[in-house]
Amino acid sequence: MVNLKGKVAIVTGAGHGIGREIALSLAKAGADLVITDLSDSIFEVSKQIEALGSKTLPVKCDVSNMEQAEQARDTVLAKFDKVDILVNNAGIYPQKAFLEMTNEDWSKVLHTNLDGVFHCTKVVLPLMIKQKYGKIVNLASVAGAVVGFTNLAHYSASKAAIAGFTKSLALEMAPHKININAVAPGPIDVGDTQMEEAMYEQVIKTIPIGRMGKPLDIANLVLFLVDDASNFITGQCIVCDGGYTLP
Ligand SMILES: NC(=O)c1ccc[n+]([C@@H]2O[C@H](COP(=O)([O-])OP(=O)(O)OC[C@H]3O[C@@H](n4cnc5c(N)ncnc54)[C@H](O)[C@@H]3O)[C@@H](O)[C@H]2O)c1
């Protein structure tokens, strides 16, 4: 059993899907949780976390905006005096054929998915360095980090960049006893898929384990990566995809 009692964790994009499940899993393991999102849904998630017996602080924050990330850090420090764990989860994946992609489409995805990771990591790292302890997990994707996907050139670029960022920053931060890893999920069912049933069945046929991933599959991996059981793992991008990218 992972025991995170006494640890303070921040999860970005925790209002829905994988981020919400990660936040709930960390709370079940005993961590106190700062949950951030653009959406008001964090207030509902916050109630669920309190019901699990953990302290929680919901903070509205657009990760693509550095000033908002700094304000969020200050709000966190007013309630908790430290940050032990950061999960950079917030991300968007709008599909667009490259020939139709505008500069705005490209920038929105890169600002949210990549700059968001830079901003949140930048504001939190000095606190971790001071305490000589920290665990950072970045959400990459098999798209870009492992294989290509049509209509997702912007998204794939952002996620491949996250894998590279993770490796390089892990090197710089290893002397400070800060572990930085990424996880690369395959197709995960976050509950409100717009996919038609026939298409959904088609996707399942491409997953050797024979089902879509669940947010809990990713949360379980994140839980391992923030636990001291994984202290000797850093700079890795770990695929969790039911074998989807094996063939
Ligand atoms: N679902 C999948 O199949 C899958 C596969 C691989 C990787 N991922 C990655 O996992 C992460 C979570 O994906 P998900 O499927 O749970 O997504 P989701 O859409 O269900 O949830 C993402 C959350 O992030 C929030 N968010 C979006 N932009 C934000 C911003 N600028 N600032 C703060 N919050 C913001 C949204 O409001 C939402 O609550 C993403 O980084 C995504 O790229 C997902």
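1. The core element to start from is the sheet: 7 strands form an open sheet with parallel pairing, in the order S3-S2-S1-S4-S5-S6-S7. At its edges stand strand S3 (56-60) and strand S7 (237-240), each with a single partner strand, so one side of each is left without a neighbour in the sheet. On average, and with direction ignored, neighbouring strands of this sheet are turned by 15° against each other. Note that this is a predicted model.

2. Within the sheet, strand S1 (residues 8-12) pairs with strand S4 (residues 85-88) in the parallel sense, over 3 bridges. As for individual residues, Val11 has Val87 in S4 as its bridge partner. Helix H2 (residues 41-51) packs on the sheet, where it touches strand S2 (32-37) and S3. The direction of H2 makes about 165° with that of S2.

3. Next, the ligand. It is surrounded by 26 residues, and the closest are Gly13, His16, Gly17, Ile18 and Gly91. Two elements give two or more residues to this shell: helix H1 (17-28) and helix H4 (103-131). H1 supplies the largest share, 3 residues. Sorted by class, the shell around the ligand holds 13 polar, 11 nonpolar and 2 charged residues.

4. H1 also has a helix partner. H1 and helix H8 (residues 215-226) have axes 8 Å apart and pack at an angle of about 50°. An angle from 35 to 65 degrees is neither roughly parallel nor roughly perpendicular, and H1 and H8 are therefore oblique to each other. The crossing in which H1 passes H8 is right-handed.

5. The residues of this contact can be listed from both sides. From H1 come Gly17, Ile18, Glu21, Ile22, Ser25 and Leu26; from H8 they meet Pro215, Leu216, Ile218, Ala219, Val222 and Leu223. By class, the contact of H1 with H8 comprises 9 nonpolar, 2 polar and 1 charged residues. Gly17 and Ile18 take part in this contact, and both are also among the residues closest to the ligand.

6. H4, the other helix named for the ligand shell, packs against helix H3 (residues 66-79). The axes of H3 and H4 come within 9 Å and cross at roughly 35°, and their crossing is right-handed. Met66, Ala69, Glu70 and Arg73 in H3 meet four partners in H4, namely His119, Cys120, Val123 and Val124. The classes in the contact of H3 with H4 are 5 nonpolar, 1 polar and 2 charged residues.

Methods. Residues numbered from 1 in each chain as written. Predicted model: local features only at pLDDT ≥ 70, side-chain atom pairs only at ≥ 80, totals over all residues. Near = placed C-beta within 6 Å. Nonpolar A, V, L, I, M, F, W, Y, C, P; charged D, E, K, R; others polar. Axes fitted to C-alpha atoms, helices over the stretch in contact; angles between N-to-C directions. Parallel < 35°, antiparallel > 145°, perpendicular 65-115°, else oblique. Left-handed = near helix turned anticlockwise from the far one by under 90°. Contact = placed C-beta atoms within 7 Å. Pairing = 2+ DSSP bridges.
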